[in-house]
Amino acid sequence: VSPSTKTNAKILVVDDEGGIRQLLKSELTVDGHDVKTACDGAEALELMEQEKFQLVICDMNMPKLSGLEVLSAIREREPDVEIIMMTGFATVETAVTAMKNGAYDFIQKPFNLDELLALVDKSLEKNDLRALRGVYEASCTIFQSVELRELLPIIANSSLKILNADSVTIMAINQAGKLAVTASAGIHNAGCVKCPVNLDGTHPTLPFWDQPAIVAGTGGLDVPCLSGAKSSIAHPLLAAGKHVGMIVVNRIRNVKPFSQVDLRIATIFSSQAAQAIQNANLYGQLQEARDQLVQSEKMASIGQLAAGVAHEINNPLAAILGFAQLLLEDTTLTESQRADLQTINSESLRCRTIIQDLLQFSRRRSPQMGAVDIGALIKSTVGLVQHDFMVAGVDINVHVPADLPMAWGETGLVQQVLLNLVTNARQAMEGKQGHLLEVSAAVHEKQVSIRFKDNGPGIPKDIQGKIFDPFFTTKPVGQGTGLGLSICYGIVQQHGGSLRVESDSGKGATFIVELPLEAAATRIAA
Ligand SMILES: Nc1ncnc2c1ncn2[C@@H]1O[C@H](COP(=O)(O)OP(=O)(O)OP(=O)(O)O)[C@@H](O)[C@H]1O
Ligand SMILES: [Mg+2]
């Protein structure tokens, strides 16, 4: 697409001679342009407040404001309009002054009409290039970032700039299939288009869903992203022919309606923006896959080490425990001897639990897969920890739909995951008032998704990458081995599922476990 202005450019003719105005208007209209006329500078400036022109053809010698005065007034307001000056008695000097003051060119009256029309074409071409350069520069900046979080505000701000707009809303189709605001910039933060997108990618109510369009006012639509707008451009974001969202830019203070040229600029820019968004999405997926690979390699090597160490310690530990228990049966012990022995016994038992955890973590036996009733499992797990939660003063809520389909896995292992996540949440929130853990389950993209949302301290971004590592813990020495989450991660991975965390420091943490559906798994097996 090229923003060729051969047709439909907006041109303003300023001349005190009615004949010239008429002549130029009819000739340029025949050429396909949209022409307005003004009989003096004041009227010209007034018209320019109302709409945007690509070209002004202005007479030098007019009563009231002179052509040169009009020229500088226009330049001050509109840096990117082309201006051609006309004069009856040209001197080199006036020509130079006009050019110095930013005129595109200069033509002498009485002019040859063909010559003037050729000049008009050339100046409009230049205007096109000027607009294109803006788009090009904006495109360069948006391709500098592959992080969606950085990219979206850049796209938003660039579109404000290149389209002289006052506000912009970028919406993407979210996981629930609805358009949701992902970035906005400018005067007001426009709200969300609430209507859902159809499964086939079409939109039931937005007329500009398939075609970029200029919308006047709210276009008779009750959508917040258009509210307050005088003129808007709404544009679908298409990546590889698929809708990924839309951009809506509005003019609110700037009262000039968007023109066809603006629409063409928006078309080019939006296609670049959609591509950049697509790149960022792909990059994100790649990053995730790489992180998973690194994590599983780390787990495998640490697992081997841990298994070796655990095995070596197991036998001497069994001996320590055995002898301690044997000695405890001695009736001739003093009180203090008995107390010391009991300490040896209980600390050795604690070691044994850690060793068992380690072995569990490293033992990569394949789970015995079967149907898992996640709802029932959540309820029984919550039953197990209810007392601990009560003592800790933390509430726990469960939302599981009655018709949740079966997941595919080993019930015992899945329960271990649930128990670990619930326990971590309790430990994070212990002691303070108003703390709550919400456990919910739903089907999401052919998986059963279980969320553990707490309103505890959350997890700082810089340690979020470490919490799934074996032995990573923020607990004081002796209070946690830091194996809980790495065991969970390993189990979920063996199930062909995923485990991740979303958290903003200070705003709680949400752990999300996704497990395959029984139906999907058995269909593949069959
Ligand atoms: N819900 C949560 N809120 C805040 N931080 C959490 C949460 N869950 C886990 N963490 C952080 O992740 C770290 C690692 O958790 P993990 O379960 O692997 O080990 P741990 O709980 O410290 O020790 P262990 O599970 O062996 O008792 C924790 O020490 C804590 O810093
Ligand atoms: Mg833990």
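Which element provides the largest share of the shell around ligand 1? In this predicted model, that element is α10, with three residues in the shell. Helix α10 covers residues 411–429, and together with α12 (484–494) it makes up the list of elements that give two or more residues to the shell. The shell as a whole counts 18 residues, and the closest of them are N424, T473, T474, K475 and T481.

As for where the ligand ends up, ligand 1 sits in the second largest pocket. Several polar pairs link ligand 1 to protein side chains. On the nitrogen side, a polar side-chain atom of D454 comes to 2.8 Å from a nitrogen atom of ligand 1. On the oxygen side there are two threonines to look at: T473 places a polar side-chain atom 2.6 Å from an oxygen atom of the ligand, and T474 has a side-chain N or O atom 2.5 Å from a ligand oxygen atom. Taken on its own, ligand 1 has 600 Å² of accessible area, and the protein covers 90% of that.

Next up is a pair of residues, S503 and Q464. S503 belongs to strand β16, which runs over residues 498–503, while Q464 belongs to helix α11, residues 461–464. Along the sequence the two are 39 residues apart, yet their C-alpha atoms are 8.2 Å apart in space. S503 and Q464 also touch.

Are these two residues buried or exposed? S503 has a relative accessible area of 8%, so S503 counts as buried, the cut-off being under 20%. The value for Q464 is 15%, and Q464 is therefore buried too.

Leaving out residues up to four places away in sequence, the contacts of S503 are G458, I459, K461, Q464, G508 and A509. Two of these come with polar pairs. The S503 side chain reaches the backbone nitrogen of I459 at 2.8 Å, and a polar atom of that S503 side chain also lies 2.8 Å from the backbone oxygen of G508.

With the same sequence neighbours set aside, Q464 touches I459, V501 and S503. The side chain of Q464 has a polar atom 2.9 Å from the backbone oxygen of I459. I459 thus turns up on both sides of the pair: the backbone nitrogen of I459 is paired with the S503 side chain, and the backbone oxygen of I459 with the Q464 side chain.

Definitions and conventions
Residues numbered from 1 in each chain as written. Chains lettered and ligands numbered in written order. Predicted model: local features only at pLDDT ≥ 70, side-chain atom pairs only at ≥ 80, totals over all residues. Heavy atoms only, no water. Helix = DSSP H or I, 4+ residues; strand = E, 2+ residues; numbered from the N terminus. Buried < 20%, exposed > 50% of the residue type's maximum accessible area, 1.4 Å probe, protein only. Contact = heavy atoms within 4.5 Å. Polar contact = N/O pair within 3.5 Å; in protein donor to acceptor, adjacent residues only side chain to side chain. Near = heavy atom within 4 Å. Areas by Shrake-Rupley, 256 points an atom, 1.4 Å probe, with all protein chains shown as cover. 1 Å grid on protein atoms, 1.4 Å probe; cavity = no way out; pocket = protein on both sides within 12 Å on 5 of 7 lines; lining within 4 Å. Sits in = over half its atoms within 2 Å of the grid points.
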